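Please open the model in a viewer and keep the selection tool at hand. The tour below proceeds from the whole chain to individual side chains.

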Amino acid sequence: MTRREFITLLGGAAAWPFAVSAQGPERMRRIGVLMGFGESDRQGRAFVAAFRDELQKLGWVEGRNIRIDIRWAAGDTALMQRFAKELVALQPDLILSHLTPTTTALLQQTRIIPIVFALVADPIGSGFVASFARPGSNVTGFIFTEPTMAGKWVELLKEIAPRVARIAMLFNPATATYAEYWLNPFKAAAASFAVEAIAAPVRDSSELESVIAAQACEPNCGLISMPDSFADAHRVEITSLAARYRLPTVYPYRFFTELGGLLSYGVEVTDNFRRAATYADRILKGEKPSELPVQAPVKFELVINLKTAKALGLTVPAFLQQRADEVIE
């Protein structure tokens, strides 16, 4: 080897460490998560776990290339606002938002940090996005159903409890700011079944029993629990009160029926959180939320609790049991 070749080789070797250090280790990315459930809520933790698991499948591993900061608001809108401010102050690369009220709180704090919502009812009506195809701002994500679902809940309640002549829809106006999105089709569907439709607002947990008891005072009354973070957070009380006052009730999610609710029909929520992780991945890799379309759910499930039906003196038709994704006995 000549002296010139040796010097050239030595110079190249000296440059290698510099090139590696200039590139540096993979940058740690930060994701904020704002949940409407409380930290002790088993179902809420399962949703976050699904989001984490899907991220890991996509190559995002906590402690290696991402950090996840979670805040649990326990259905409290004041806490949602406080935690939204905290998360935005951390300047994360993006924020996962659980529900409509958590998304509202986050958008009051930032119009720059990307936000992916997992379970929103009416993102256009709520002012989150310009359209499904082109959200046009810093937020996009996944809806959990369309307003026509309200008609399906009425139909299912009439199938499992044919004598029902009055149906009340339970919701909290503070958290279900989109209530008309469900109430209008609910009333239209009730009219088509010759059933009286009643709006039953509940402003805090102390009103739950009085509102549910008031419905039970009239004969042949049933309930529909509107998709609402307040109802989710108080699902134990709601399912218990519906049982105590012997009111056949339809719920939007499986986790109500697992607690003893009569029947649930709605999106498979865990799937929405997995899909939210795919959007988080795309945004972390450079895509803009304004250009990622809002997507509709793809997995729905009908769950019937036969034990509860029996306690209410109801006979679940065979055709309805056959349609169910799960029958709890």
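**Whole chain**

Begin with the charged side chains: the protein carries 35 positive and 34 negative ones, and the centres of these two sets are 4 Å apart. The model is a predicted one. Colour the chain by pLDDT next; the mean is 91, and 92% of the residues reach 70 or more.

Select residues 1-24, where pLDDT stays under 50 and the model has two contacts beyond four places in sequence. Where pLDDT is low, the predicted coordinates should not be read in detail.

Return to the full chain and display the C-alpha trace, which spans about 100 × 40 × 35 Å along its principal axes. A cartoon view shows 13 helices and twelve strands. Of the 329 residues, 53% count as buried. A surface view presents about 14900 Å² of exposed area, of which carbon and sulfur atoms supply 53%. For contacts between residues at least 6 apart in sequence, 71% join residues at least 24 apart.

**The nonpolar cores**

Which residues have the most contacts inside the largest nonpolar core? Select Phe51 and Trp182: these two hold that place in a core of 89 residues. Then select helix 11, residues 269-284, which gives the most to this core, with eight residues. A second, separate core of 20 residues can be selected afterwards; Leu34, Phe83, Val129 and Val139 are among its members.

Centre the view on Trp182 and show its surroundings. Leaving aside neighbours within four places in sequence, its contacts include the aromatic residues Phe144 and Trp153. Met149, Met169 and Met226 also touch Trp182, as do Pro147 and Pro227. Ala121, Ala150, Thr145 and Glu146 complete the list of its contacts.

**Helix 7 and its cover**

Move to helix 7, residues 208-216, and select Leu208, Val211, Ile212, Ala213 and Gln215, which are buried. What covers the buried residues of this helix? Among the covering elements are three strands to display: strand 6 (166-171), strand 7 (196-201) and strand 8 (221-225). Helix 8 (229-233) and helix 9 (235-244) also belong to this cover.

**Glutamate 54**

Finally, select Glu54, located in helix 2, residues 42-57. Is Glu54 buried or exposed? Glu54 counts as buried because its relative accessibility is 16%, under the 20% cut-off. Beyond its neighbours within four places in sequence, Glu54 is in contact with Arg274, Ala277 and Thr278.

Notes:
Residues are numbered from 1 along each chain as its sequence is written. This is a predicted model: local features need pLDDT of at least 70, side-chain atom pairs count only at pLDDT 80 or more; totals for chains, interfaces and linings use all residues. Side-chain values use heavy atoms; hydrogens and water are left out. A nonpolar core is a set of buried Ala, Val, Leu, Ile, Met, Phe, Trp, Tyr and Cys residues joined through side-chain atoms within 4.5 Å. Buried means under 20% relative accessible area, exposed over 50%, partly exposed in between (1.4 Å probe, protein chains only). Helices (H or I, at least four residues) and strands (E, at least two) are DSSP runs, numbered from the N terminus. Contact means heavy atoms within 4.5 Å. Accessible areas come from the Shrake-Rupley method with a 1.4 Å probe; for residues, only the protein chains shown count as cover. Lys and Arg count as positive and Asp and Glu as negative; His and the chain ends are not counted. The place of a charge is taken as NZ of Lys, CZ of Arg, CG of Asp or CD of Glu. pLDDT is the predictor's confidence in each residue, from 0 to 100.
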